[in-house]
Amino acid sequence: MVQKSIPAMVIRGGTSKGIFFKRSDLPIDESTWDSILLKTFGSPDSMQIDGIGGSHSTTSKAMIVSKSSRKDFDLDYKFAQVSVDNAVVDWGGNCGNLTFAIGAFAIESGIISSTFPISNLTLYNENTESTIKQSINISPDGLPNYNGDFLVHGVPGTGGPIRSQFIHPSGSITGKLFPTGSQTETIFVDTFGELTVSILDVTTPCVFIKASDLGISCPISPKEINSDQTLLSTLEYIRSVACERIGLVDSFVNATMASPGFPKVVLVDSPCDYVTPSGEPVLKTEYDIFARIMSMQKAHPAYAVTGAMCTAAAALLPKTIPNHSSSQTNSNSITLGHPKGTMKIGVNIDKNQVIHTESDRTARPIMTGNLFY
């Protein structure tokens, strides 16, 4: 067989890395996209050796971008989470980290033109039918300015900040801030009995569990989580039950294959001192809530931005598990303590309604060319 190829760009956005395509370069028939992406990334294979994937959920992602025909929008984009170990592509939600690179890709690839010194764009995410306002610093040559002194914990070096604001982010997938109608509810787990959880949908649906309720100490690292198969199984069971309760699957037994990426499961607790994998100390006085988030059945090495926005909003909403764990419950921002450091999320809440969430991240193109499949 003669290999086919597609023009594409590899871009890091926040703490994720993905492949960006123009929609016009992909087949019109979207039913063919799954097979193309699986071949492109080299899935299913834990090494993704026959593709461009990086053997981790945070590097096995794709964005499909086009100029928007919608009134008041500049760009449309669609996110694909490509499984590493299974022949599955999850189109069920959005990637916050890679969202920060949408505008940059569109400018670099000529989909839209830039405006010096700042391009203010309105993005439409097709997965969640949501609106994102994005601002990018532009250099005199008309390209995004990737240089700067803004630090994203989990990314080497610094870069120019890109701001993204998610407008009215509640109910991104389920249509409701509290998909089950309750701030808390119980899930029965054989080894623990009834566990109290909170399920919220803000930019992405998440199910929150207090780490200590599972016998987990506050400084737990992704490496420790991923090496504990019993814990991984317990977290996936809780996630699967939540997946059924919010209506993404008919039965929890199908959740791992039918909806592996959403909802996300999050461990939270009160702040404590800990050390990052690089040896940097993180003091409990530097952040508001300790949090660890799962991604495709493994612990995220840093933190998903959409998950961070859901966590921050939940921390400011009364009677939720994150609200009980947070040291800050009356503010317009929450700082999370994640494995690589801290992340500040702005949250605008009015009468228990989330008006918007926002954050700053950096992005950088890594290569451009043709991907063979």
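The following legends describe close-up views of a predicted model.

**View 1. The disulfide between Cys 218 and Cys 272.**
A search of the whole structure finds one disulfide, and in this bond the two sulfur atoms lie 2.1 Å apart. The torsion about the S-S bond is about -90°, so the disulfide is left-handed. Cys 218 is placed in the loop between strand 13 (204-210) and helix 4 (222-226), and Cys 272 in the loop between strand 14 and strand 15 (274-275); the pair therefore ties together parts that are 54 residues apart in sequence. Both Cys 218 and Cys 272 are buried.

**View 2. Cys 95 and Cys 243, each in no disulfide.**
For Cys 95, the nearest cysteine sulfur belongs to Cys 206 and is 13 Å away. Cys 95 counts as buried because its relative accessibility is 4%, under the 20% limit. For Cys 243, the nearest cysteine sulfur is again that of Cys 206, at 12 Å. Cys 243 has 0% relative accessibility and therefore counts as buried.

**View 3. The largest nonpolar core and Phe 208.**
This core has 57 residues. Those with the most contacts inside it are Phe 20, Met 63, Val 65, Leu 75, Phe 208 and Leu 336. Helix 7 (residues 305-315) gives the most to the core, with eight residues. When residues up to four places away in sequence are not counted, Phe 208 touches Thr 196, Val 197, Ser 198, Leu 200, Val 266, Val 268, Cys 310, Thr 311, Ala 314, Ile 321 and Pro 322. A second, separate core has 29 residues, among them Ile 216, Leu 231, Ala 242 and Phe 290. In soluble globular proteins, nonpolar side chains tend to be buried together.

**View 4. Thr 368 in strand 22 and its contacts with Ala 8 and Met 9.**
Strand 22 comprises residues 363-372 and includes Thr 368. With a relative accessibility of 59%, Thr 368 counts as exposed, because the limit for that class is over 50%. Apart from its neighbours within four places in sequence, Thr 368 is in contact with Ala 8 and Met 9. Its side chain reaches the backbone oxygen of Ala 8 at 3.5 Å. Thr 368 and Ile 19 are 349 residues apart in sequence, whereas their C-alpha atoms are 9.6 Å apart in space.

**View 5. The cis peptide bonds preceding Pro 44 and Pro 263.**
The bond from Ser 43 to Pro 44 is cis, with omega near 0°. Pro 44 belongs to the loop between helix 1 (33-41) and strand 3 (61-67). The bond from Phe 262 to Pro 263 is likewise cis, with omega near 0°. Pro 263 occurs in the loop between helix 6 (255-258) and strand 14 (264-269).

**View 6. Positive phi at Met 296 and Asn 352.**
Although Met 296 is not a glycine, its phi is positive, at about 55°. This residue sits in the loop between strand 17 (289-295) and strand 18 (298-299). Met 296 counts as buried because its relative accessibility is 14%. Asn 352, also a residue other than glycine, has a positive phi near 65°. The loop that holds Asn 352 runs between strand 20 (341-350) and strand 21 (353-361). At 43% relative accessibility, Asn 352 counts as partly exposed.

Definitions and conventions
Residues are numbered from 1 along each chain as its sequence is written. This is a predicted model: local features need pLDDT of at least 70, side-chain atom pairs count only at pLDDT 80 or more; totals for chains, interfaces and linings use all residues. Side-chain values use heavy atoms; hydrogens and water are left out. Helices (H or I, at least four residues) and strands (E, at least two) are DSSP runs, numbered from the N terminus. Buried means under 20% relative accessible area, exposed over 50%, partly exposed in between (1.4 Å probe, protein chains only). Contact means heavy atoms within 4.5 Å. A polar contact is a pair of N or O atoms within 3.5 Å; within protein, one must be able to donate a hydrogen and the other to accept it, and residues adjacent in sequence count only if both atoms are side-chain atoms. A nonpolar core is a set of buried Ala, Val, Leu, Ile, Met, Phe, Trp, Tyr and Cys residues joined through side-chain atoms within 4.5 Å. A disulfide is a pair of cysteine sulfur atoms within 2.5 Å.
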